[in-house]
Amino acid sequence: MTYPDFIGELRSGAEYIVCHTSGSTGTPKEIRLPRQQVAASARRTLEFFGLSRRSHLHSCISPDFIGGKMMAVREEEVGCSLSWETPSNRPLDGYSGPKIDLLAVVPSQMIHILDLHDAGGLPPVGDIIIGGAPISPGLSRRIAASGLRAWETYGMTETASHIALRRVTFPASPFTALDGVEVSVTPDSRLNIRIKDWQELTTNDIAHISSPGRFEILGRADNVIITGGKKVHPETVEAVVESTLDAEVLVTSEPDEKWGQRVVLVIDDSRGAPVPRDTLEIISVLKKVLPPESVPKAIVFGPIPRTPNGKKKRK
């Protein structure tokens, strides 16, 4: 799908917007989102950033995904201008348009944004929203040091894009729910989302509510590893390991006769950056920063499988 195609669909008065989930935990599925709720989601973001019809939006994300679609919906709702580019890992190369008030990217694209910023070649940009996948600690550290106004998003296709935002800092701060969104946790610690005048849904994300409307994500319930009778949240372990090793990793598991499951660490060596190779030394270092049950029993090297929009694919 192209942006002109999708904008034409919006202007045709379509009652629903058809989207597909990311497929990070299984086969992508089709979802039909009510047009009025998609518009309400757009208005929440417009209000948060104080955008108006004089604003300019720019998307580096394909309209095949909800994050890309929502940039066009925001443009239609407020009557501002929108530009876009073919998604790549070199966003804004050659950009010559007006000052960008809201820029939408995924984490891998943010690396090039930072490179442009460091080289003095980044065009004027106000706020940057980063979605599609969690931001690694190393990238968070670099964004925070840059001084750019970058925001990590939390949401999903089912909620018509993000329902919460957090300014990228290092260490990370909690997410803050947008107006019209209430969050709570279930007895088994899963995040529950209530969106005004629409729906209430319980996610598979394990969360901690730090104060009303503010929360942290610890991992996914369906990713939990049970090893020796103890629970390990892969995403939490990944954040610690990535900060310690300065490498991108995936924490997964495999059956084990003694432990039931054993923790396996995949270190991504496919992106050209140097990675540590001494497995005994890696385990020795990780024993100092992880609880015993979270220390990997095996380490492998190789590319991390990903969905089309960059999320780590665990299944």
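Modeller: Before the pocket lining is read by class, one convention is needed: Ala, Val, Leu, Ile, Met, Phe, Trp, Tyr, Cys and Pro count as nonpolar, Asp, Glu, Lys and Arg as charged, and the others, Gly among them, as polar. Please also note that this is a predicted model.

Colleague: How many residues of each class are in the lining of the second largest pocket?

Modeller: The general idea is as follows. Rolling a probe the size of a water molecule over the atoms shows where empty space is left. In this structure, the second largest pocket has a lining of six charged residues, two polar and one nonpolar.

Colleague: Which residues line the second largest pocket, and what volume does it have?

Modeller: Its lining consists of Gln37, Ala40, Arg43, Arg44, Glu47, Asp179, Gly180, Lys196 and Asp197. The volume is about 160 Å³.

Colleague: Turning to the sheet, what order do the strands of the open sheet of three strands have?

Modeller: Strands of a sheet pair through backbone hydrogen bonds, either parallel or antiparallel. Here the order is S16-S17-S18, and the pairing is mixed. Strand S16 (249–256) and strand S18 (298–301) are the edge strands, each pairing on one side only. On average, neighbouring strands are turned by 30 degrees against each other, direction ignored.

Colleague: In which sense do S17 and S18 pair?

Modeller: Strand S17 (residues 260–267) pairs with S18 in the parallel sense, over four bridges. Valine 266 stands opposite valine 300 in S18.

Colleague: Which strands do helix H6 and helix H7 touch?

Modeller: Helix H6 (residues 234–245) packs on the sheet and touches S16 and S17, its direction making about 125 degrees with that of S16. Helix H7 (residues 279–286) also packs on the sheet, touching S17 and S18, and its direction makes about 125 degrees with that of S18.

Note on methods
Residues numbered from 1 in each chain as written. Predicted model: local features only at pLDDT ≥ 70, side-chain atom pairs only at ≥ 80, totals over all residues. Heavy atoms only, no water. 1 Å grid on protein atoms, 1.4 Å probe; cavity = no way out; pocket = protein on both sides within 12 Å on 5 of 7 lines; lining within 4 Å. Points joined across faces, edges and corners; volume = space filled by probe spheres on them. Pairing = 2+ DSSP bridges. Helix = DSSP H or I, 4+ residues; strand = E, 2+ residues; numbered from the N terminus. Axes fitted to C-alpha atoms, helices over the stretch in contact; angles between N-to-C directions. Contact = heavy atoms within 4.5 Å.
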